[in-house]
Amino acid sequence: MVLPTDPATRPKAHRAAILHFRSDPGTREDPASFEFFEDGLLSVRDGLVAAMGPASELLPGLPSDVEVITHPDSILMPGFVDTHIHYPQTDVIGSDGRQLLDWLQDHTFPAERRFSDPAHAHEVAEFFLDELARNGTTTAMVFCTVHRPSVEAFFESAAKHRMRMVAGKVLMDRNSPDYLLESAAVGERNTRELLEKWHGRDRLSYAITPRFAATSSADQLQSAGLLARQFPNCLIQTHLAENPAEIAWVRQLFPQARSYLDVYDRYGLLRDRAVYAHCIHLDASDRARMAESGAAAAFCPSSNFHLGSGLFDIAAADAARMPFSVATDVGAGCSFSMLRTLGDAYRVAQLAHQHLPPLRAFYLATLAGARALGLDNRIGKLEAGMEADFIVLDLRATPLIARRTAQARTLAEKLLILMSLGDDRVVSGTYILGQEVKVS
Ligand code: GUN
Ligand code: ZN
């Protein structure tokens with residue numbers, strides 16, 4: 001990746017069709033929830049959005065030093081926000097899925113072992129951030145491994161590229177191979193030190209990261225809850241109710257808890273800025289409790305297909321007002337592309353005889369993610385003063401996409417074509433703080 005440099009270059013404005021969201025369009029695609037300018041202008045100054053609106057209104061008042069760049073046959077929108085992904089699993093993508101617990105033992109844990117080596121961690125972190133940028137993802141909530149060097153390497157790379165990232169050191173103190181275990185006390189000390197070093201530095205945030213209830217003792221979950229109380233502004237991430245065998249195991253390990261979610265609740269891990277990956281096999285009380293606590297679910301459709309985990313219930317989440325965003329969950333998810341992931345989310349809804357309208361899908365991949373991370377005052381929409389992380393999607397990226405979008409009459413039709421046929425080839429530009437990222 002070539003770093004965004006040279007802030008002294010002329011300020012720029014981008015002329016294109018521009019889309020962003022103000023709230024959840026819902027299943028009815030509420031027209032007040034988004035703004036779309038067929039001929040829009042986004043001007044950037046000092047890495048922030050200076051103005052955004054119709055080109056005809058903004059061009060006359062544009063300062064004379066601003067260079068205007070035109071993106072024909074494109075839609076410009078906020079960068080994607082991927083709310084659940086594992087950078088150390090980049091080299092696990094496409095492994096034989098079977099089901100979650102076998103996949104962890106056979107492929108994932110051995111791959112994570114290598115992240116005690118800082119050189120390996122750096123190499124993978126650089127590749128991973130390139131891959132995110134190529135796919136138009138400008139912010140992600142990321143699992144590292146249990147090893148401190150995996151966290152240091154990731155944050156150092158993200159800071160170098162000025163990307164807004166959330167990440168944390170995985171906590172696991174039981175039911176795992178020795179090479180990934182660390183006592184609850186050592187895990188707490190390492191988390192505290194990493195959190196104090198990295199949370200709020202550059203564009204980085206720290207997430208307290210117990211892997212899942214099955215690999216943390218009660219003592220470890222308690223210490224994670226204590227850290228969450230001591231650092232109310234940092235984030236929390238873990239896995240929840242992904243797979244039936246996993247759920248039965250957690251029930252055995254925590255017989256006193258009412259449900260899998262209740263395990264986390266008992267240790268103070270449910271609150272806003274907490275993101276729970278999967279949330280497939282929940283009941284109505286769990287969803288109500290998620291909504292009440294302010295925690296958000298990460299819907300990982302591609303991962304859930306690959307591991308055969310089940311179908312996230314969008315209608316039940318909506319009925320309970322449980323917020324959710326969409327995430328790739330690489331490496332159980334097999335693509336870094338949020339477009340492909342939205343295509344899978346659409347198919348999950350279809351299989352359940354529900355519906356995911358395309359405008360809502362793009363909300364879930366942008367502003368919903370920023371909200372889940374408590375970052376919607378900085379990213380996820382393109383209002384003046386927001387950080388200028390945005391992408392340009394090319395409606396002519398492939399012959400088939402060009403052919404289909406040329407026939408589309410509405411914005412929703414174009415978006416559905418992009419999420420049905422699109423991937424990294426559609427992302428013609430990724431901009432971090434207003435500077436285009438060049439990926440080799
Ligand atoms: N549950 C616990 N760890 C993991 C993981 O690495 N990936 C997925 N998909 N589920 C998990
Ligand atoms: Zn995961």
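Student: Asp 286: is that residue buried or exposed?

Tutor: Buried means under 20% relative accessible area, exposed over 50%, and partly exposed in between (1.4 Å probe, protein chains only). Asp 286 comes out at 5%, so it's buried. Bear in mind that this is a predicted model: local features need pLDDT of at least 70, side-chain atom pairs count only at pLDDT 80 or more, and totals for chains, interfaces and linings use all residues. Residues are numbered from 1 along each chain as its sequence is written, chains are lettered from A and ligands numbered from 1 in the order in which they are written, and side-chain values use heavy atoms, leaving out hydrogens and water.

Student: Where does Asp 286 sit, and which residues is it in contact with?

Tutor: You'll find Asp 286 in helix α9 (residues 284-293); helices (H or I, at least four residues) and strands (E, at least two) are DSSP runs, numbered from the N terminus. Contact means heavy atoms within 4.5 Å. Setting aside neighbours within four places in sequence, Asp 286 touches Arg 258, Ser 259 and Leu 261.

Student: What coordinates the zinc ion (ligand 2)?

Tutor: Donors are N, O and S atoms within 2.8 Å of the metal (3.2 Å for Na, K and Ca); water isn't among the atoms, so sites may look incomplete. Here NE2 of His 84, His 86 and His 239 plus OD of Asp 329 do the job, at 2.0 to 2.5 Å. Along the chain the donor spacing reads H-x1-H-x152-H-x89-D. His 84 belongs to strand β5 (residues 80-86) and His 239 to strand β10 (residues 235-240), so this pair ties together parts 155 residues apart in sequence. Both His 84 and His 239 are buried.

Student: Why is the arrangement around the zinc ion (ligand 2) irregular?

Tutor: Four donors are tetrahedral if all angles lie between 85 and 135 degrees; four are square planar and six octahedral if opposite donors are over 155 degrees apart and all others between 65 and 115; anything else is irregular. The 4 donor atoms around the zinc ion (ligand 2) subtend angles of 90 to 169°, which makes the arrangement irregular.

Student: Which residues have the most contacts inside the largest nonpolar core?

Tutor: A nonpolar core is a set of buried Ala, Val, Leu, Ile, Met, Phe, Trp, Tyr and Cys residues joined through side-chain atoms within 4.5 Å. The largest has 115 residues, with Tyr 87, Phe 154 and Phe 362 having the most contacts inside it. Beyond four places in sequence, the contacts of Tyr 87 include Phe 115, Phe 128 and Phe 154. A separate, second core of 15 residues includes Val 166, Leu 235, Ala 370 and Ile 379.

Student: How many residues line the largest cavity?

Tutor: On a 1 Å grid over the protein atoms alone, a cavity is a set of points where a 1.4 Å probe fits but cannot get out; lining residues have an atom within 4 Å of a point. The largest cavity, with a volume of about 120 Å³, is lined by 14 residues; Leu 100, Trp 103, Leu 104, His 239 and Glu 242 lie nearest its centre. Helix α2 (residues 100-113) gives the largest share of that lining, 3 residues.

Student: What about backbone oddities?

Tutor: Most residues other than glycine have a negative phi, and most peptide bonds are trans. Here Val 330 and Gly 331 are joined by a cis peptide bond, with omega about 5°. Glu 29, not a glycine, has a positive phi of about 55° and lies in the loop between β1 and β2.

Definitions and conventions
On a 1 Å grid over the protein atoms alone, a cavity is a set of points where a 1.4 Å probe fits but cannot get out, and a pocket is an open set with protein on both sides within 12 Å along at least five of seven lines; lining residues have an atom within 4 Å of a point. Grid points are joined across faces, edges and corners, and a volume is the space filled by probe spheres set on the points.
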